[in-house]
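This report looks at charged side-chain pairs and at the surroundings of one glycine. The sequence and the model are shown first, and the discussion follows.

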Amino acid sequence: MSNDTFRDLSQNPLVQRLGVPRIPVLRRYSPGQPLLDGPALVSAVGAGRNAEQIRALLKDAGVADAGAEGKVAAAVLDATGARTLDDLAAAREFLTPAVRRLAPSGRLLLLGPEPDPADVEASAVAQAFEGIVRSAGKEVRAGATANLLVVHPDAPPAAADSAVRFFLSARSAYVDGQVVRIGVPVGQAQDPIGMDSSAEVDRPLAGRVAVVTGAARGIGAAIADTLARDGAIVVAVDVPAAGEALARVANRTGGTALQLDITAPDAAERLLAHLRERHGRVDVVVHNAGITRDKLLANMDADRWNAVLAVNLRAQLAINDALLASDVLSDTGRIVCISSTSGIAGNRGQANYAASKAGVIGMVRALAPRLAERGATINAIAPGFIETEMTGKMPLGTREAGRRINSLRQGGLPVDVAETVGWLGQAESGGVTGQVVRVCGQSLLGA
Ligand SMILES: NC(=O)c1ccc[n+]([C@@H]2O[C@H](COP(=O)([O-])OP(=O)(O)OC[C@H]3O[C@@H](n4cnc5c(N)ncnc54)[C@H](O)[C@@H]3O)[C@@H](O)[C@H]2O)c1
């Protein structure tokens with residue numbers, strides 16, 4: 001049983017007979033699971049650059065080619081070469097039958113071109129794919145998702161591999177209706193390291209040192225568990241008052257615990273010293289610690305305002321500054337900042353929280369080019385409604401509304417945010433930087 005009673009009840013055939021729609025149970029990742037649990041359809045329109053690479057990736061992963069009939073676990077369209085309305089019509093010819101064949105928890109993944117300012121029709125066509133994917137996300141049923149990768153013309157085909165793998169796999173269960181840009185990978189990794197053996201695919205963070213703030217509970221604890229499962233050595237950070245829970249996380253992940261209030265004036269210095277002394281470096285930095293102090297703007301006092309901005313934004317700015325000024329962040333460094341859909345859509349009573357979470361997005365965009373110079377990336381994840389203690393305490397009506405107003409008609413789990421962190425944390429994800437990925441089941445809020 002989950003804490004979503006309505007979803008559990010909706011699985012019962014007797015309840016379905018009353019006309020209650022079934023809320024899908026999403027396929028989620030467990031180690032050793034195949035990339036897809038059925039065959040895949042792959043096609044290209046125009047002079048697609050990525051289809052061959054994707055076919056090779058699927059073959060390595062043991063995924064069979066779908067024939068002309070039957071259910072498919074994934075349908076992938078390489079439209080990176082699409083430039084004209086005729087190409088768009090060809091895309092529809094593939095998509096219409098493909099969508100009909102999509103299995104439960106199936107994956108519709110499109111790779112599209114970047115707009116070309118020199119060619120108006122090509123720019124219109126490039127943008128059209130966003131409209132297609134966002135609509136398809138709302139149409140596909142039974143836990144299936146639709147996402148778009150917009151590929152830079154100079155990005156080598158392998159630059160999209162980690163994103164293709166993530167969006168096809170069960171790791172992206174609650175990531176729907178998203179548009180992610182794949183650029184030329186930052187740093188040395190112009191030719192990204194391919195992942196060939198299944199051991200590397202199952203443990204894509206093997207040997208990487210990761211730090212997670214706010215790791216004692218909730219989403220942060222799930223991030224620590226997931227990164228450790230994928231092979232990372234995890235430094236779990238939380239306030240001294242959460243020391244016992246923090247120690248439990250560090251014990252079960254086999255990493256180290258650091259009791260630290262990230263708003264302390266010497267927090268960045270202490271964090272970097274711990275990383276340097278214990279591990280010699282850091283590869284993945286996850287800014288997850290966050291608080292809410294809700295109040296309508298008309299009644300907002302300075303204490304509530306300052307407390308939220310201090311934890312959710314000021315501390316991240318200070319730690320990132322210190323990382324940039326030091327040599328602790330490795331040359332495949334990946335910084336992942338937890339924002340929120342409140343920072344995109346706004347939320348009644350959350351002007352302070354939304355300011356901090358929108359601020360995180362502004363910070364990510366400004367830092368991406370600076371970090372690219374040293375081979376590092378920075379991205380934001382904006383979770384929507386996630387089933388945690390916090391959302392569990394909401395009044396029933398607000399909670400039910402929050403859960404249902406997305407394409408998957410349910411809340412996400414902390415692990416869904418964690419899996420997205422794991423993808424962005426890989427050395428192979430160097431083509432994705434300065435972006436915001438929502439883990440929201442394609443929520444209508446801020447869409
Ligand atoms: N739960 C949701 O639905 C949701 C949705 C969108 C975004 N988020 C964001 O995800 C992140 C995690 O959320 P959660 O629901 O797991 O929250 P949570 O309150 O369960 O956990 C937050 C953790 O951060 C720690 N923390 C707070 N202040 C700290 C400080 N000054 N120094 C060090 N650690 C500190 C807390 O002790 C706690 O362990 C937050 O940034 C939150 O804003 C959550």
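Contact is taken here to mean heavy atoms within 4.5 Å. The model is predicted, and every statement below refers to that prediction.

**Surroundings of G430**

When neighbours within four places in sequence are left aside, G430 is in contact with V184, P185, V186, R334 and T377. The glycine G430 is found in the loop between α16 (414-424) and β12 (436-439), and with a relative accessible area of 5% it is buried, because buried means under 20% relative accessible area. G430 and G187 are 243 residues apart in sequence, yet their C-alpha atoms are 7.9 Å apart in space.

**Salt bridges**

Side chains of opposite charge can pair when their charged atoms come close. Across the whole structure, a search finds 19 salt bridges, and three of these pairs, including the distance between N and O atoms, are set out in the table.

| Acidic residue | Basic residue | N to O distance |
|---|---|---|
| D4 | R404 | 2.7 Å |
| D225 | R252 | 2.8 Å |
| E400 | R403 | 3.1 Å |

The side chains of D4 and R404 meet in a salt bridge at 2.7 Å, N to O. D4 lies in the segment before α1 (5-9), whereas R404 belongs to helix α15 (residues 396-404), so the pair ties together parts that are 400 residues apart in sequence. Both D4 and R404 are buried.

In the salt bridge of D225 with R252, the closest N and O atoms are 2.8 Å apart. Since D225 lies in helix α8 (residues 218-229) and R252 in helix α9 (residues 243-253), this pair ties together parts that are 27 residues apart in sequence. As for accessibility, D225 counts as partly exposed at 29%, while R252, at 52% relative accessibility, counts as exposed, because exposed means over 50%.

Within a single helix, E400 forms a salt bridge with R403, and the closest N and O atoms are 3.1 Å apart. Both E400 and R403 lie in helix α15, where they are three residues apart, about one turn of the helix. Is each partner of this pair buried or partly exposed? E400 counts as partly exposed at 24% relative accessibility, whereas R403 counts as buried at 3%.

**Linked pairs**

Which residues are linked in a network of salt bridges? The network comprises D4, E387, E400, R403 and R404. Among them, D4 and R404 form the salt bridge described above, as do E400 and R403.

Definitions and conventions
Residues are numbered from 1 along each chain as its sequence is written. This is a predicted model: local features need pLDDT of at least 70, side-chain atom pairs count only at pLDDT 80 or more; totals for chains, interfaces and linings use all residues. Side-chain values use heavy atoms; hydrogens and water are left out. Helices (H or I, at least four residues) and strands (E, at least two) are DSSP runs, numbered from the N terminus. Buried means under 20% relative accessible area, exposed over 50%, partly exposed in between (1.4 Å probe, protein chains only). A salt bridge is a side-chain nitrogen of Lys or Arg within 4 Å of a carboxyl oxygen of Asp or Glu.
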